[in-house]
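Work through the following exercises with the sequence and the model side by side. Each task is followed by a solution that proceeds in steps.

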Amino acid sequence: MSTHDALCDLVFSANCVSQFSSAGPTHMWSGDDLLPAFMYVVVRAQLRNLGAEIRLISDFSPGLRSSGQLSLMFTMLCASYIQIIKEQQIPS
């Protein structure tokens, strides 16, 4: 799977979330709305090397930061990953 395919899957996932949510398909999603959904998807996916994949994408896709929806989805993925890592480090 290419980097672009993986990011397109992220966009597709976000579209599915908005289509099947109780807010309806016309709801404008903010980052505060999307972050919990992305965190849920990332945790459920159990991706072993997500940190390495994120670094690979950011290192080898410099034009990604200016690509609209793909850029937003990648940023949300990064934020989800960082939040999950921080929550794992909290002593219980």
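**Exercise 1.** In which helix does serine 80 lie? Establish its surroundings as well.

*Solution.* The model is a predicted one, and in it serine 80 belongs to helix α4. The next step is its accessibility: the relative accessible area of serine 80 is 0%, and since a residue counts as buried under 20%, serine 80 is buried. The last step is to list its neighbours, leaving aside residues up to four places away in sequence: serine 80 touches Leu35, Phe38, Met39 and Val42.

**Exercise 2.** Describe helix α2, and determine how its buried residues are arranged around the axis.

*Solution.* Begin with the extent of the helix: α2 covers residues 31-45, and its 15 residues reach 20 Å from the first C-alpha to the last, which is close to the 21 Å expected at 1.5 Å a residue. Next, collect the buried residues of α2, which are Leu34, Phe38, Met39 and Val42. Viewed down the axis of α2, these buried residues fall within an arc of 140 degrees, so they line one face of the helix. The spacing can be read against a general rule: an α-helix has 3.6 residues a turn, so residues three or four places apart point the same way. On the other side of α2, Tyr40 and Arg44 are exposed. Finally, look just past the end of α2, where glutamine 46 adopts a positive phi of about 50 degrees.

**Exercise 3.** Which residues of helix α3 are buried, and which exposed residues does the face turned away from them carry?

*Solution.* Helix α3 spans residues 50-60, and its buried residues are Leu50, Gly51, Ile54 and Ile57. Seen along the axis of α3, they lie within an arc of 130 degrees, so one face of the helix is lined by them. The face turned away from this buried side carries the exposed residues Arg55, Asp59 and Phe60. As a check on one member of the buried set, take glycine 51, which is found in α3 and is buried with a relative accessible area of 6%.

**Exercise 4.** Characterise the packing of α3 against α4, and name the residues that make the contact.

*Solution.* Two packed helices are described by the angle between their axes and the distance between the axes. Here the axes of α3 and α4 (residues 69-88) come within 11 Å and cross at roughly 145 degrees, and the crossing is left-handed. From α3 the contact is made by Leu50, Gly51, Ile54, Ile57 and Ser58, and from α4 by Phe74, Leu77, Cys78 and Tyr81. One pair illustrates how the sequence folds back here: glycine 51 and cysteine 78 are 27 residues apart in sequence, yet 8.5 Å apart in space, C-alpha to C-alpha. To complete the account of α4, note that its 20 residues reach 29 Å from the first C-alpha to the last, close to the 28 Å expected at 1.5 Å a residue, and that its buried residues include Phe74, Leu77, Cys78 and Ser80.

**Exercise 5.** How many helices and strands are there in the chain, and what share of its residues counts as buried?

*Solution.* The chain contains four helices and zero strands, and from the N terminus on its elements run α-α-α-α. Of its 92 residues, 27% count as buried. The chain exposes about 6500 Å², of which carbon and sulfur atoms supply 58%. Finally, among contacts with a separation of 6 or more, 65% are accounted for by residues 24 or more positions apart.

Conventions. Residues are numbered from 1 along each chain as its sequence is written. This is a predicted model: local features need pLDDT of at least 70, side-chain atom pairs count only at pLDDT 80 or more; totals for chains, interfaces and linings use all residues. Side-chain values use heavy atoms; hydrogens and water are left out. Helices (H or I, at least four residues) and strands (E, at least two) are DSSP runs, numbered from the N terminus. The expected span of a helix is 1.5 Å times one less than its number of residues. Buried means under 20% relative accessible area, exposed over 50%, partly exposed in between (1.4 Å probe, protein chains only). The arc is that of the directions from the helix axis to the C-beta atoms. Contact means heavy atoms within 4.5 Å. Accessible areas come from the Shrake-Rupley method with a 1.4 Å probe; for residues, only the protein chains shown count as cover. Axes are lines fitted to C-alpha atoms, for helices over the stretch in contact, and angles run from 0 to 180 degrees between N-to-C directions. A crossing is left-handed if the near helix is turned anticlockwise from the far one by less than a right angle, and right-handed if clockwise.
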